Amino acid sequence: MTAEADSVPLTHRLYAEAFGDDCPYELGTFSSCSWWLLGTIVGALRLSPGELLADLGCGRGGPGMWLARATNTRLVGLDFSGAALRAASARIGYFGLTGRAEFRKAPFEATTLDDASVDAAVSIDALPFAPDRLAALVEVRRVLRPGARFVFTGRTGPVSWPALLQKAGMEVEEQVVHEGANARWLRLFGLWRANEPQLRAEIGDPAADQMMAEAEAGHRLVETTPLVFVARRPPEESE
């Protein structure tokens, strides 16, 4: 292994190994984000240059900034973690988005964005963690302009995302299976367990304990199906 590879945190190296060619490594993400997912989102959002994209639960901001760069749009990212937002802001220049991207600390249900001010929205592996999913979707509808789309990832389970979207006043245009996502996560969990001592040395016991607990519960992951939802705020009747 080269000295350069040795300088990369083990957590990043294991993530890249588990995801393989599907891993958009430059984004620095630990979500289910893959090249296929990024391409699917670009096609679904139908953005035009100069429009505004909102990344909800943006974390360190990599996927949202990649999407804004790919579509020549502006970006506003929102998250509850100040540390993640600082890391995202520090990488705006790396993605060539100086003057076109900003990050704000805000929860899903109170984004601080104006009514009908957003041309598209995205959320990768974050919306299921909203304390009130319906309130979050109502807020998404509020900030989207009429006819604008929202793409997010979720899973099958006791809560029906299509039913929640309908209750929030949104239309479901499409839902597709994120093929290969479960297999990639299970590979990652196996790598975490196989490298537990090294991970503990690198990130400390509290963080490692959380990762091992997640890996231990990984068998339940294959009992659900990873999905990508494309929803839309309905156009106004006058349109």
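Biologist: Which are the buried residues of helix 4?
Modeller: Happy to start there: this is a predicted model, in which local features need pLDDT of at least 70, side-chain atom pairs count only at pLDDT 80 or more, and totals for chains, interfaces and linings use all residues. Residues are numbered from 1 along each chain as its sequence is written, and side-chain values use heavy atoms, with hydrogens and water left out. Helices (H or I, at least four residues) and strands (E, at least two) are DSSP runs numbered from the N terminus, while buried means under 20% relative accessible area, exposed over 50% and partly exposed in between (1.4 Å probe, protein chains only). The buried residues of helix 4 are Gly62, Pro63, Gly64, Met65, Trp66, Leu67, Ala68 and Thr71.

Biologist: How many of the residues of helix 4 are buried, and what covers them?
Modeller: Helix 4 is largely enclosed by the rest of the structure, because eight of its 10 residues are buried. Contact here means heavy atoms within 4.5 Å. The cover over those eight residues includes helix 3, strand 1 (52-56), strand 2, helix 5, strand 3 and strand 4.

Biologist: What covers the buried residues of helix 5?
Modeller: In helix 5 (residues 82-90), the buried residues are Gly82, Ala84, Leu85, Ala87 and Ala88. Their cover includes helix 4, strand 2 (74-79) and strand 3.

Biologist: Are helix 3 and helix 4 roughly parallel or oblique to each other?
Modeller: Axes are lines fitted to C-alpha atoms, for helices over the stretch in contact, and angles run from 0 to 180 degrees between N-to-C directions. The axes of helix 3 and helix 4 (residues 62-71) come within 11 Å and cross at roughly 50°. Angles under 35 degrees count as roughly parallel, over 145 as roughly antiparallel, 65 to 115 as roughly perpendicular and the rest as oblique. Helix 3 and helix 4 are therefore oblique.

Biologist: How do the residues of the contact of helix 3 with helix 4 divide into nonpolar, polar and charged?
Modeller: Helix 3 passes helix 4 in a right-handed crossing (the near helix is turned clockwise from the far one by less than a right angle; anticlockwise would be left-handed). Trp35, Leu38, Ile41 and Val42 of helix 3 make the contact with Pro63, Trp66, Leu67 and Thr71 of helix 4. Ala, Val, Leu, Ile, Met, Phe, Trp, Tyr, Cys and Pro count as nonpolar, Asp, Glu, Lys and Arg as charged, and the others, Gly among them, as polar. The residues of this contact of helix 3 with helix 4 divide into seven nonpolar, one polar and no charged.

Biologist: And at the contact of helix 8 with helix 9, what is the division?
Modeller: Helix 8 and helix 9 (residues 196-203) pack at about 80°, with axes 5 Å apart, so they are roughly perpendicular to each other. Trp192, Arg193 and Ala194 of helix 8 meet Glu196, Gln198 and Leu199 of helix 9. The residues of the contact of helix 8 with helix 9 divide into three nonpolar, one polar and two charged.

Biologist: Which residues is asparagine 182 in contact with, leaving aside its neighbours within four places in sequence?
Modeller: Asparagine 182 lies in helix 8 and is buried, with a relative accessible area of 15%. Leaving aside those sequence neighbours, asparagine 182 touches Arg155, Leu221, Val222, Thr224 and Pro226.

Biologist: How many residues apart are aspartate 22 and arginine 184?
Modeller: These two form a salt bridge, with their closest N and O atoms 3.2 Å apart (a side-chain nitrogen of Lys or Arg within 4 Å of a carboxyl oxygen of Asp or Glu). The pair links distant parts of the chain, with aspartate 22 in the loop between helix 2 (10-19) and helix 3 (35-45) and arginine 184 in helix 8 (residues 181-194), and the separation is 162 residues.

Biologist: Is arginine 184 buried or exposed?
Modeller: Its partner, aspartate 22, is partly exposed at 32% relative accessibility. Arginine 184 has 4% relative accessibility and counts as buried.

Biologist: Is aspartate 115 buried or exposed?
Modeller: Aspartate 115 pairs with arginine 142 in a salt bridge, the closest N and O atoms being 2.4 Å apart. This pair joins helix 6 (residues 133-143), which holds arginine 142, to the loop between strand 3 (101-105) and strand 4 (118-123), which holds aspartate 115. With a relative accessible area of 54%, aspartate 115 is exposed.

Biologist: How many salt bridges does a search of the whole structure find?
Modeller: One of them joins arginine 145 to aspartate 119, with the closest N and O atoms 3.0 Å apart. There is also a network of salt bridges linking Arg149, Glu171, Glu173 and Arg232. For the whole structure, the search finds 12.
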